[in-house]
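Visitor: Please take one part of this model and look at it closely. Show me what sits beside it, and then how it fits into the rest.

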Amino acid sequence: MDKTEKRILLFFALVLGVFVVVAVATVRNINRGVAGSDWVNHTHAVILENEALRSDLYLSDGSAHTFVVTGDPVDRRAVVEALSDVSENLDIMEALTRNEPPQSNQVAHIETLVKVRADFIRSLLAARRSGNMDAVHVLLADDAGQPALKDIDRAIEKLKQDELGLLTERDTASFVQAQMTRWAVWTGVALDFLLLGGAGWLIRDDIAARRRAATALRAANNQLEAKVRERTSELAASNELLTAENLERSWSNQGLEHQLNYNNLIINSINDLVLVLTKATNISRVNPAVVRITGFEPHELINRPFASLAELTYDRTAPMLDPIAQAMKDGRDLRDQEAVVQDRLGRRIPVHVALFPLRDRDKVVGGVVILQVIRSGDGREPLI
Amino acid sequence: MQKHILVVDDEAVIRDLLDMFLSRSGYRVTAVSSAPEAEEVAGRDRPDLVITDLQLEDSDGLEMIERLKALLPETPMMLLTGVMFDPKVIRETLKKKVSCYVEKTAPLTRILAAVQGLVGK
């Protein structure tokens, strides 16, 4: 992995990080919003119950005064029901504000006031019911101006205003929270776009660099291929030349071999004994007729002096060389000499001898001797 | 179109070498080892040149040339042999029978030159 790839990966990791942060912040704000909404509903419930309490309290108080005037049991039942509703309202409010100490204290204060008022109403009802109008008058005189009811009303109003104040604060907080969520999302999106832009820039650079590298590689490949083609062409030409030379060499070899075989065929086809002598008159080569007629194998004859095979007839008392040696020395042909060849079994065979010196340019290097068997009248080889 | 050369020689090495060399030189070569085969090929696929050995295993090269000339009067015949002839004898004896005479010991380039002289490149 190269440096650019690492940078691109880092950019994408950052994009992912920002995305996660924004997502977490948004989810948390949404959760807060949901919780805030619950709290608002709860606060509204407290306010509504507070209002219901006030309403029921006024209803019970009004009904009590009505009962005092009418003495009608229906009105008394209305008072009792209203007081029951008040008690229920207080229980609900207490339950709603149980986990909120300031409100809970306020509710407790209201409850205390309400209980005092409820006791007064019950005393009024009891006095009216018993027909003790004096007591009723005293009670009503004491309650002139209904100060207790006003205290309760103030306490209820304070609780209501406090709750409304809290709602306003919560509303402001919710707005701020929504704004923050909005900013977080937009900031995250903008940051992600910036990071993606940066990654795109790096990728573009990387692609451009790779294209340049690919172009350079293609150029290098083309150059290499051109060199390979050139070299292949040279090798092909060289190979062509070598093949031609090989063919020529093979042709030359077969020509020489053919010629040699033909020469051997000629010599081997001669039924007379043909021997090649060195300058020192030793035998260096024989034809098959020599082997057939003398019974000697070639290896028994090679390097052997010719005189040991064929004994020439000449005057040995005269001070002269062997005629073969003399002719070789003189470099002249020798013909019509007679000699006797002794074969492997000791039999003596009369022959005519002819010598032809072998000349390499002007120099005698050896000689060819032809021994022609002197045959009897019936053509068979005579033995002496 | 490639020129067709019929090579007749009883030695496989010579046939193979001539086939290889002349094919490389751009000719279409048919190489056979005997006179009957040569006559069969000549009848079936007319050659532009016949190159033959003087001494064939089953017959004489000159005799075969006589028969081929009857079959292919316009086709040049080249005699290729290792038998040593006196140049004068060659000129006098063979000039009417063959178009060209080349010794087997001659280099291939000379043989090619002779072939090109007879049938072109």
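Guide: What follows starts at one strand and works outwards.

This is a predicted model, in which local features need pLDDT of at least 70 and side-chain atom pairs count only at pLDDT 80 or more, while totals for chains, interfaces and linings use all residues. Residues are numbered from 1 along each chain as its sequence is written, with chains lettered from A and ligands numbered from 1 in the order in which they are written.

The part is strand E4 of chain B, residues 77-81. Helices (H or I, at least four residues) and strands (E, at least two) are DSSP runs, numbered from the N terminus. Four of the five residues of E4(B) are buried, so the rest of the structure largely encloses this strand. Buried means 20 or more other C-beta atoms within 10 Å of a residue's own; exposed means 12 or fewer, and partly exposed lies in between, with C-beta atoms placed from the backbone.

Look at one flank of the strand. E4(B) pairs with strand E3 (residues 49-53) of chain B in the parallel sense, over four bridges. Pairing needs at least two DSSP bridges between the strands. Met78(B) in E4(B) is the bridge partner of Ile51(B).

Now take the other flank. Strand E5 (residues 100-103) of chain B is also parallel to E4(B), again with four bridges. Here Met78(B) stands opposite Cys100(B).

Step out beyond E3(B). This strand also runs parallel to strand E1 (residues 4-8) of chain B, joined to it by four bridges. Ile51(B) stands opposite Val7(B) there. Ile51(B) is also the residue that Met78(B) partners in E4(B).

Together, five strands of chain B form an open, parallel sheet in the order E2-E1-E3-E4-E5. Strand E2 (28-32) and E5 of chain B stand at the edges with a single partner strand each, so one side of each has no neighbour in the sheet. On average, neighbouring strands are turned by 20° against each other, direction ignored. Axes are lines fitted to C-alpha atoms (for helices, over the stretch in contact), and angles between N-to-C directions run from 0 to 180 degrees.

Next, the helices over the sheet. Helix H3 (residues 61-71) of chain B joins E3(B) and E4(B) in a right-handed β-α-β unit. Right-handed means a clockwise path from the first strand over the helix to the second, with the strands pointing away from the viewer. H3(B) lies across E1, E3 and E4 of chain B, at about 160° to E3(B). Helix H5 (residues 108-119) of chain B lies across E3, E4 and E5 of the chain and runs at about 170° to E5(B). E4(B) is thus among the strands crossed by H3(B) and among those crossed by H5(B).

Widen the view to chain B. Its secondary structure comes to five helices and five strands. The pattern along the sequence is β-α-β-α-β-α-β-α-β-α. Of its 121 residues, 34% are buried. Contacts (C-beta atoms, placed from the backbone, within 7 Å) with a separation of 6 or more are 61% between residues 24 or more positions apart.

Chain B also touches chain A. The contact takes 10 residues from chain B and nine residues from chain A. Helix H1 (residues 12-24) of chain B gives the largest share of chain B's side, five residues.

Finally, set chain A beside this picture. Chain A has eight helices and six strands. Buried residues are 19% of its 384 residues. Its open sheet has six strands, ordered E2-E1-E6-E5-E4-E3, with antiparallel pairing. The edge strands are E2 (283-286) and E3 (310-312) of chain A, each pairing on one side only. The twist averages 35° from one strand to the next. E3(A) is joined by three bridges to strand E4 (residues 334-342) of chain A, and they run antiparallel. Leu312(A) has Ala339(A) as its bridge partner in E4(A).

A helix crosses this sheet too. Helix H8 (residues 323-330) of chain A lies across E3, E4, strand E5 (348-360) and strand E6 (363-373) of chain A, at about 140° to E4(A). Ile324(A), Ala327(A) and Met328(A) are buried in H8(A). Their cover includes E3, E4, E5 and E6 of chain A. After H8(A) comes Gly331(A), with a positive phi near 75°.

Notes:
Contact = placed C-beta atoms within 7 Å.
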